[in-house]
Amino acid sequence: MLRHLFKLIWNKKGAHSLLIIEIWASFMVLFGVLSLIAFNLNNYLEPIGFEYKDVWVLDLSTNQDTVNLPEKSLRIMQRIRSYPEVISASRTSANTPFSANQMSNSSTYNKVSVSHDFYVTDEDFSKTLDLPLRKGRWYEESDISARFIPIVINKKMEDKLFANENPLGKLIKENDTLSYKIVGVVDKYKAKGEFMTDNPALFKMLKKEDWDRNVLIKVKPGTDANFEARLVKDIAAMTDQWGIEVSYLSESRKNRQNLTVIPVVIFLVICGFLLTNVALGLFGILNLNIAKRKNEIGLRRAMGATEGNVTTQFLGEIWVLATFSLIIGLIFAVQFPLMHVFDLNSEIYITAILASITVIYIIVTLCAWLPSRQASLIHPALALHED
Amino acid sequence: MLLNYIKIAWKVLLRHPFYTFITLFGISLTLTVLMVLTSFLDHIFGTHYPENKRFRSLYITSVTYTDSSRTTRSQGPASFRFLTQYAKSLKTPERVAISSMFGYTNAYVNGKRIKLNTKYTDADFWYVMDFEFLEGKPYNQQNIDNGDHVIVITDALRKQYFEDDGKPVIGRNVEIESIHYKVIGVVKGSPATRIYTYSDVYFPYTAPKSNYQSAGLRGNYIGIVLARNESDLPAIQKEFDSGIRKIPLPIVDFEQKYPVLIVQADKYLDHFLNALLRDDSLKNRFIFYSIAGFVLLMFMGLPAINLINVNVSRILERASEIGVRKAFGAPSKALLWQFIIENVFITFLGGFFALGLSFAIIQIINASGWIAYADLTINVSVFLVSMLVCLFFGLLSGVLPAFRMSRLRIAEALKV
């Protein structure tokens, strides 16, 4: 049966080559778009690991003021914590959740080096963002030592550096002069939101006397802009030259998400239109081709083939054709996981390949089914009569 | 004769509405995607309000410290001091505007929070940019020298902050971070995609918190150099570069020495391309380009293949018609003309739909507020070029097989 179908197609290879190119091109487009979607969906399905609701970000810029910054920031923190509306507040580096800022470095343990994102935060960070710990605890003021900086790492980092060992209490090195001591492990911290890949991450302690510009504030639910206005006014009164900006994490999360979602939607819409275009074209071509083979169908029916047999033959032909094109397409597509293009996980490409193959088969089946069904319903006497 | 051919074409189209639909769908869809895309690019890179002189402007947006092998680098906008010293002093340009990168702050009115984009500029900014003033006027050098607390706001902020009470707002106060600023002018806002001019509030650079005093080459400011005419641009770049070469090297920044300094005055599109491609290795760049090219080819090629496919399959349908026409003495040339006109006709029809469709999509985007103050327009030259491309594929796929068939012997053509 299969050999017969191959022969039928081979005999008309000139006419079919254009169809093969068309199906191949659709596969490639589909593969590209689905890889993009699979990558983002894969990330989206992993939780971000922290709670962003009712958390505000205070961005303080000192401008031309350079005197006694740590002291001033200490006073500001005291003031912020004194409001009854504030549940918890934490100072952090500029790479606050959902912001565009990124900080990365690499650290070594036992000659294994891993590059990671790092966040400089104070001891209230896990409380402010509800960041639960898998092992150990969050660092405290008492962990500070002259020899090392206390840190917390995430699970991904633990997996990369410590295969079976317990990471707690271990020292890792950033360079010859700087070491970190691990006091805790968190599960996940996807600071750039749902669509971020879960990268190795490290939190290092921001000491009381160090200055950094951002403050995360967890407020009681229902706190409104009136409190915010008061907060800004009070802080502005304490530091007349400083700039103060408040933003909500839930808002910045939405902006951040749009950065990923909008391009995906645009690609999806264009791809959808293209595939509709192809499907319509394919349907038209198959309709014409099958209509032209009426007497062939009549002959087969007269020889005792059932309606089902005829339908299967035409469907089989288009499946063989699609398989041809897909094999050519696969030759291109497998290069992506093999060559690690864009450094993506090969699972993503494989998912995309499988999904594209499925979609292509569904499209060609739908396009071929109706014409072949119609053709098979022709009465043999009628079909043979025409010539 | 021409009218006759068009009539035939029209009848042929109506005979199989479904196939006509497929062909038209393919043509108009491809053209629409192409046109919406180019109108986006034009929106971002073209010369539009308020940067109506962008075509004769150069942008100085980033100062890069690096070493000769480009392994360590430190990059950011320039300082006000640097721009005054090296850009303001240029002899060739007409004017040089200095403005800050956008900053953010909030204003509070009646328990409501208004998110604000802020920008600090000099007085020349208002000369180089063609902002339309709905009320009042821009601040001048005298306001700047006095350190007046005056601001120019956009119409959108006027509506939000003064809650649309209809009274003129000139001379009224806006409170930002506990400082009161007097509104001196209201401009029509610009889209957020014009990142060097977009803002809600414009302050004179001597207002508090502008950081124009910062020492060093890097800071928070960018310069826009306006040439008298477009042909002066290379001369200005040359003058600027020779000034930069006089800066003593290496540069010391945060206790690190950088032997190489890169500052360029680029045209708008160039400075984007440079920023995009500057730090990637050659191999990555090659991969990026080949994949981008492949994606584009696929997106544009697929409708073309589809068009060819449908046309080629349909031509057999016309075989008997060709045969009959030949039997009655039509020369091959006449047949060829008929098919050419038919194809041109259907392409124009598709182009007409595409024009309507892209116009509708662009209007929707402009009205949706997805980009505030969006002013997308249809680019006529792109439309014409893509029509030509469609025509090419249409002729290739429709006329060539038909022409071949017209050279068949009559008996064979009739038999099919």
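Here's a quick walk through chain B, its contact with chain A, and a couple of stretches of chain A.

Okay, ground rules: this is a predicted model, where local features need pLDDT of at least 70, side-chain atom pairs count only at pLDDT 80 or more, and totals for chains, interfaces and linings use all residues. Residues are numbered from 1 along each chain as its sequence is written, and chains are lettered from A, ligands numbered from 1, in the order they're written.

So, chain B. We've got 13 helices and 15 strands; those are DSSP runs numbered from the N terminus, H or I of at least four residues for helices, E of at least two for strands. Its radius of gyration is 30 Å, well over the 22 Å the globule rule gives for 416 residues, so chain B is more spread out than a compact globule. That radius is taken over C-alpha atoms, and the rule is 2.2 Å times the number of residues to the power 0.38. The C-alpha trace of chain B spans about 95 × 60 × 40 Å along its principal axes.

Now, where does chain B touch chain A? Contact means C-beta atoms, placed from the backbone, within 7 Å. On that basis, 35 residues of chain B meet 37 of chain A. The largest share of chain B's side, 15 residues, comes from α9(B).

Last bit, chain A. UniProt, in an unreviewed entry, puts "transmembrane region" at several stretches, including 318-336 and 348-370; positions use the numbering here, feature names are shortened, and annotations may be inferred rather than shown by experiment. In the model, residues 318-336 of chain A are 95% helix, and residues 348-370 of chain A are 100% helix.

Notes. Two residues are in contact if their C-beta atoms, placed from the backbone, lie within 7 Å.
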